Amino acid sequence: MAKSSVRIPPGLLGELSQENNKWFEFYEKHPNAPKTKSYRKKVRYFLEYKGHNQKPFYSFGEAEVNNFLDMLKSAGYNRGIDTFISAISKCAKILREEYSDIFPPSFLSSISKSRKNEASESSGEVLTLRQISLIKKYTLEQGDLYEKYIFENLFRRGVQLESLKVVEKIDFDEDVDFIYKANQYFKKLTSHLTEQGEYAKTTYLNSDHFKKSHQAYFFPCPFCQGRIENIAENWILVRIEFDDEYRLVHAACKDNLK
Ligand SMILES: [Zn+2]
């Protein structure tokens, strides 16, 4: 699979100044720095952003943070901005503690206020059957491996977007940013549905659409505790001798009926 590390339009990033590079390397090697490469890379993007890549890091404040976050939003990060904020916030804490003579206590200390609190965002709706089947077809026929994986997990398994990368190990690049991948995928799906006349809103689809659709189209099975999609081959009508009624039962679990 091709490397796919461009997450921010490349024209927006520039060289780090020598001094900022030194700070970044210090942070990266620090024992308290996050182990995940993609997480540390978020701090690097923040430093490389052309709006301020030549300014000394210790002089960064609210303006630098806000400009950077605005740029992320216009680059397609509808969600995932909070992980940038926590990455930058952890880095700032390390530098404040280790180099208190250079990084004042106020250095990026209020950055958490910029959080959007994405977890509480619930703007999606249950997708219609027509939308679901267009999305399935599109993903199977035109989607890349990542998109199929995202669809499979969000819709079929009801996994949260945030936990995608830790779900299982597949042959993906170590530092794939699934939130970014998913946002790109949602954008594509939004234009596909719009072109097909099946979506009329101006906002993009988001993971909440998939979460709510999973809950709506997958029924719980009382025998195996799984959530099973509501397609005919998964369910059968069964009546057992002491019951007067036929019941809809998960086909794979029918032998467990007593
Ligand atoms: Zn079952």
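L108 counts as buried in this predicted model, because 23 C-beta neighbours sit inside 10 Å and the cut-off for burial is 20 or more. The backbone is a bit odd here: L108 is not a glycine, yet its phi is positive, at about 45 degrees. Most residues other than glycine have a negative phi. As for placement, L108 belongs to the loop between α4 and α5.

Q225 shows a similar backbone quirk in another setting. Its phi is positive too, about 65 degrees, and Q225 is again not a glycine. This residue sits in the loop between β1 and β2. With just 8 C-beta neighbours inside 10 Å, Q225 counts as exposed, since the limit for that label is 12 or fewer.

The loop between β1 (218-220) and β2 (227-229) also holds C221. Here the count is 18 C-beta neighbours inside 10 Å, so C221 is classed as partly exposed. Leaving aside residues up to four places away in sequence, C221 is in contact with G226, I228, H250 and C253. L248 lies 27 residues from C221 along the chain, and the C-alpha atoms of the two are 10.0 Å apart.

Zooming out, the protein chain has 8 helices and 4 strands. Going from the N terminus, the order is α-α-α-α-α-α-α-α-β-β-β-β, with the helices ahead of the strands. Of the 258 residues in the protein chain, 26% are buried. Contacts that reach far along the sequence are well represented: among those between residues at least 6 apart, 60% link residues at least 24 apart.

Helix α6 is worth a closer look. It covers residues 145-156, 12 residues in total, and its first and last C-alpha atoms are 16 Å apart, close to the 16 Å expected at 1.5 Å a residue. The buried residues of α6 are Y146, E147, Y149, I150, F151, N153, L154 and F155. Their cover includes α5 (129-142), α7 (178-195) and α8 (207-217). After the helix comes G158, with a positive phi near 70 degrees.

How do α6 and α7 fit together? Their axes are 10 Å apart and the packing angle is about 90 degrees, which means α6 is roughly perpendicular to α7. On the α6 side, Y146, E147 and I150 take part, meeting K181, A182 and Y185 of α7. I150 itself touches K181, A182 and Y185, and also L164, not counting residues up to four places away in sequence.

I150 and A182 turn up again in the largest nonpolar core, which has 43 residues. Along with V43, I88, C91 and L154, they touch the most other members. At least two residues of this core come from each of α1 (18-29), α2 (37-48), α3 (62-74), α4 (81-98), α6 and α7. The largest share, 8 residues, is supplied by α7. Both domain 1 (10-120) and domain 2 (129-215) contribute residues, so this core lies between the two domains.

Key
Residues numbered from 1 in each chain as written. Predicted model: local features only at pLDDT ≥ 70, side-chain atom pairs only at ≥ 80, totals over all residues. Contact = placed C-beta atoms within 7 Å. Expected span 1.5 Å × (residues − 1). Core = buried A, V, L, I, M, F, W, Y, C linked by C-beta atoms within 7 Å. Domains from an automatic or database assignment. Axes fitted to C-alpha atoms, helices over the stretch in contact; angles between N-to-C directions. Parallel < 35°, antiparallel > 145°, perpendicular 65-115°, else oblique.
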